[in-house]
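I opened this notebook to record what I looked up, one topic per entry. I began with the overall layout and then turned to individual side chains.

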Amino acid sequence: MTIHSKGTDMLVRLMSAATTRRDVLANNIASQNLPGYRRQDVQFEKLLFEEMQRGGTAKELEQITPEIVTDWETPGRADGNNVSAEQEASLVTENRIRYELYATILRSQQSLVGAEKLNIKISEQNLETTD
C-alpha cells in the first residue's frame with residue numbers, strides 16, 4: 001500500500017517558489033543602487049488562489065508555475081530604481097517564515113504518514129499472529 005498525498009506535492013512546490021523568491025529578493029537587494037533597475041517578485045500563491053477561486057481542478061492547479069514579475073507600479077527614485085532596501089528586507093523575512101511554515105507542515109505530514117505506515121505494519125503483523 002502506497003500512501004502519497006497531492007498535498008505533499010503542493011508543499012514541495014510552495015517551498016520551491018519560496019526558494020525562487022528568496023533568490024529574486026536577494027537580486028533586488030544587490031541591485032538597489034543600479035540606475036533604472038526595477039524590482040522583481042515571484043507570483044505563485046496568488047496564482048494558485050485565483051485558480052482556486054475560479055473553481056480550478058487539481059490538474060489545472062498542478063499546471064500553475066511560479067512567475068517572476070517586474071514591478072512597474074512602484075514609483076522609482078530619480079535614477080529610475082524602485083528598490084527599497086527596507087521593503088526587501090521585510091519581504092525576505094516574510095518569505096523565510098512562509099518557507100519554514102511549509103517545511104513544518106511537510107515534516108508533520110511525513111510524520112503522520114510514517115505513523116500510519118507503522119500502524120498498517122502492526123495491524124498486518126497482528127493478523128499474521130492471529131492466523
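**Layout.** I first listed the secondary structure of the protein chain, which in this predicted model consists of four helices and two strands. Reading along the sequence, I noted the order as α-β-α-α-β-α.

**Confidence.** Before looking at side chains I checked the predictor's scores, and I found that the protein chain has an average pLDDT of 87, with 80% of the residues scoring at least 70. The mean is highest in β2, at 98, and lowest in α4, at 78. I keep in mind that predicted coordinates should not be read in detail where pLDDT is low.

**Surface and contacts.** I noted an accessible surface of about 8,900 Å² for the protein chain, of which carbon and sulfur atoms account for 56%. Of its 131 residues, 26% count as buried. Among the contacts between residues at least 6 apart in sequence, 75% join residues that are at least 24 apart.

**Helix α2.** Which residues of α2 are buried? In this helix, which spans residues 45-53, I found Glu45, Leu47, Leu48 and Glu51 to be buried. Looking down the axis of α2, I saw that its buried residues fall within an arc of 165°, and therefore they line one face of the helix. Just after α2, I noted that Gly55 takes a positive phi of about 85°.

**Salt bridges.** I then went through the charged side chains, since those of opposite charge can pair when their charged atoms come close. The count came to ten salt bridges, and I looked up three of the pairs individually.

The first was Glu45 with Arg21, where the closest N and O atoms are 2.7 Å apart. This pair links distant parts of the chain, since Glu45 belongs to helix α2 and Arg21 to helix α1 (residues 6-30), with their positions 24 residues apart in sequence. Are the partners buried or exposed? Glu45 has a relative accessible area of 17% and counts as buried because the cut-off is under 20%, and Arg21, at 6%, is buried as well. I also noted a network of salt bridges that links Arg21, Asp41, Glu45, Glu94 and Arg98.

The second was Arg39 with Glu88, whose closest N and O atoms are 2.5 Å apart. Here too distant parts of the chain are linked, as Arg39 lies in the loop between α1 and β1 (40-43) while Glu88 lies in helix α4, the two being 49 residues apart. Both Arg39 and Glu88 are buried.

The third was Asp79 with Arg77, for which the closest N and O atoms are 3.3 Å apart. Asp79 counts as partly exposed, at 31% relative accessibility, and Arg77 is partly exposed with a relative accessible area of 38%.

**Arg77.** I stayed with this residue to see what else its side chain meets. Arg77 is found in the loop between β2 and α4. Its C-alpha atom is separated by 9.0 Å from that of Pro35, although the two residues are 42 apart along the chain. Which residues does Arg77 contact, leaving aside its neighbours within four places in sequence? I found Gln32, Asn33 and Val83. With Gln32, a polar atom of the Arg77 side chain lies 2.7 Å from the backbone oxygen; with Val83, the side chain of Arg77 reaches the backbone oxygen at 3.2 Å.

**Asn81.** My last entry concerns Asn81, which is placed in the loop between β2 (67-70) and α4 (85-130). How much relative accessible area does Asn81 have? I read a value of 0%, and Asn81 is thus buried. Its side chain reaches the backbone nitrogen of Val83 at 2.7 Å, whereas the side chain of Arg77 reaches the backbone oxygen of Val83. Leaving aside neighbours within four places in sequence, I listed the contacts of Asn81 as Ser31, Gln32, Asn33, Leu34, Gly36, Tyr37 and Gly76. Gln32 and Asn33 are also among the contacts I had noted for Arg77.

Terms used: Residues numbered from 1 in each chain as written. Heavy atoms only, no water. Buried < 20%, exposed > 50% of the residue type's maximum accessible area, 1.4 Å probe, protein only. Arc of directions from axis to C-beta. Polar contact = N/O pair within 3.5 Å; in protein donor to acceptor, adjacent residues only side chain to side chain. Contact = heavy atoms within 4.5 Å. Salt bridge = Lys/Arg side-chain N within 4 Å of Asp/Glu carboxyl O. pLDDT = per-residue confidence, 0-100. Areas by Shrake-Rupley, 256 points an atom, 1.4 Å probe, with all protein chains shown as cover.
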